[in-house]
Amino acid sequence: MKVIRRFYLYLTVVFVYLLTSVSLFAGETIEIMGSPDDVNLRLVAVLNKLDPDYYADDKTQGFVYRYRHRWKNPYDFNIYIGKVGKNSGDSIIRMESPRRGQEKMWKQLLEQELLQKPPVDGSVKLSEKSHIVSQGLNLISPMASVGYNSWNSPLYTTKDTIISMSIYLLCDLILAGGAYYYAQEKLPKKNIYDHMANVKGPGNVWESPNAVGVFAALAVSRLVRAVDSWEDTSAHNKTAQFGWSFKF
C-alpha cells in the first residue's frame with residue numbers, strides 16, 4: 001500500500017511539474033512598416049478571413065490595440081499592435097498563445113500575409129485532418145488523438161506534443177488508477193475460515209459495483225480532449241484552406 005501511495009505521489013509531482021514548466025505567453029513578434037492604425041486595418045482583415053469570432057480588448061497592456069479569441073473560436077490567441085518606439089513610424093505585432101506552436105504559426109502566417117515574405121526554406125502546405133479520426137482515437141486514448149493532431153501541424157511544437165500527451169497520460173493514471181485502487185480496496189476480503197473452507201473469492205474489480213467509477217474516471221480525460229480535439233482539428237483545417245506554408 002505504501003508503494004502505491006508513493007507511486008501516485010510521484011505522478012502528482014510530475015503532473016504539477018509539467019503544468020508549471022509550460023512557458024505561457026512567451027510570445028512572438030514581428031516589425032512592420034506603418035502606423036498602428038494602418039497595421040490594425042490589415043491585421044483585422046486577416047483575422048476576419050480566418051475566423052471572425054474574436055473581440056477587441058480595452059486592456060491593451062501598453063499597446064495600442066489588442067485582440068483576443070472568443071471561446072467558440074478554435075484558435076487561442078492574444079494579438080497586440082503597438083509602436084516600435086515613440087519616434088518611430090513603424091509598428092510591432094506581438095502574438096501570444098498558451099501553446100508555443102500556435103505562436104510560431106501566427107508569426108509565419110502574418111509574415112506571409114502582411115509582410116509578403118516567402119515561406120522559409122523547408123516549409124510545407126498543410127493537408128486537412130479528420131474530426132472523425134481525431135475523436136475516434138480519443139476514445140481509445142487521448143494521447144493518440146494528440147499525436148494525430150500534432151503530426152505535420154504548425155499548431156504544435158515537439159515540446160507542446162510531449163507536454164500534452166504526458167498530461168493526458170498522467171490524468172488517466174491518476175484518476176483511473178486511483179478509482180481502480182479504491183474499487184479494489186472495497187472488495188470484500190476472505191477471512192481465515194473462508195480460506196479453510198476454500199470459499200470462492202469476492203471476484204474482481206470489474207465485477208464490483210464500484211467498477212463504474214473507473215470508467216467515469218477514464219471518461220473525464222476523454223471529455224476534455226474531445227473539446228481540445230475539435231479545436232485542434234478546426235484550427236488546422238481553417239489554416240490549411242488558405243494555402244499558406246509552414247515550417248514546423
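In this predicted model, T161 has a relative accessibility of 14% and therefore counts as buried, the cut-off for that class being under 20%. T161 is part of helix 6, which spans residues 158–185. When neighbours within four places in sequence are set aside, the contacts of T161 are with V146, S150 and Y156. With S150 there is a polar contact between the two side chains, at 3.4 Å. W151 precedes T161 by 10 residues along the chain, and the C-alpha atoms of W151 and T161 are 9.0 Å apart.

Y156, one of the residues in contact with T161, also takes part in a charge–ring arrangement: the charged end of R99 sits over the ring of Y156, at 4.0 Å from the ring centre. A further case involves K129, which lies over the face of Y148 at 5.0 Å from the centre of the ring.

Five aromatic pairs are present in the structure. In the pair formed by F63 and Y80, the ring centres are 4.9 Å apart and the planes meet at 35 degrees, so the pair is classed as tilted. F63 belongs to the loop between strand 2 (54–56) and strand 3 (65–69), whereas Y80 belongs to strand 4 (residues 78–83); the pair therefore ties together parts separated by 17 residues in sequence. The two partners fall into separate accessibility classes: F63, at 24% relative accessibility, is partly exposed, while Y80, at 5%, is buried.

In the pair of F77 and W106, the ring centres are separated by 5.1 Å and the planes stand at 65 degrees, so this pair is edge-to-face. Distant parts of the chain are linked here, since F77 lies in the loop between strand 3 and strand 4 and W106 in helix 3 (residues 100–113), 29 residues apart. F77 is buried, with a relative accessible area of 2%, and W106 is likewise buried, at 1%. Together with Y75, F77 and W106 make up one aromatic cluster.

Strand 1 (residues 28–33) shows an alternation of side chains. E28, I30 and I32 point to one face and are buried, whereas T29, E31 and M33 point to the other face and are not buried. Strand 1 runs antiparallel to strand 5 (residues 90–96), and six bridges join the two strands. Within this pairing, M33 of strand 1 stands opposite D90 of strand 5.

Terms used: Residues numbered from 1 in each chain as written. Predicted model: local features only at pLDDT ≥ 70, side-chain atom pairs only at ≥ 80, totals over all residues. Heavy atoms only, no water. Buried < 20%, exposed > 50% of the residue type's maximum accessible area, 1.4 Å probe, protein only. Helix = DSSP H or I, 4+ residues; strand = E, 2+ residues; numbered from the N terminus. Pairing = 2+ DSSP bridges. Phe/Tyr/Trp six-rings, centres within 6.5 Å; stacked < 30°, edge-to-face > 60°. Lys NZ or Arg CZ within 6 Å of the ring centre and 35° of its normal. Contact = heavy atoms within 4.5 Å. Polar contact = N/O pair within 3.5 Å; in protein donor to acceptor, adjacent residues only side chain to side chain.
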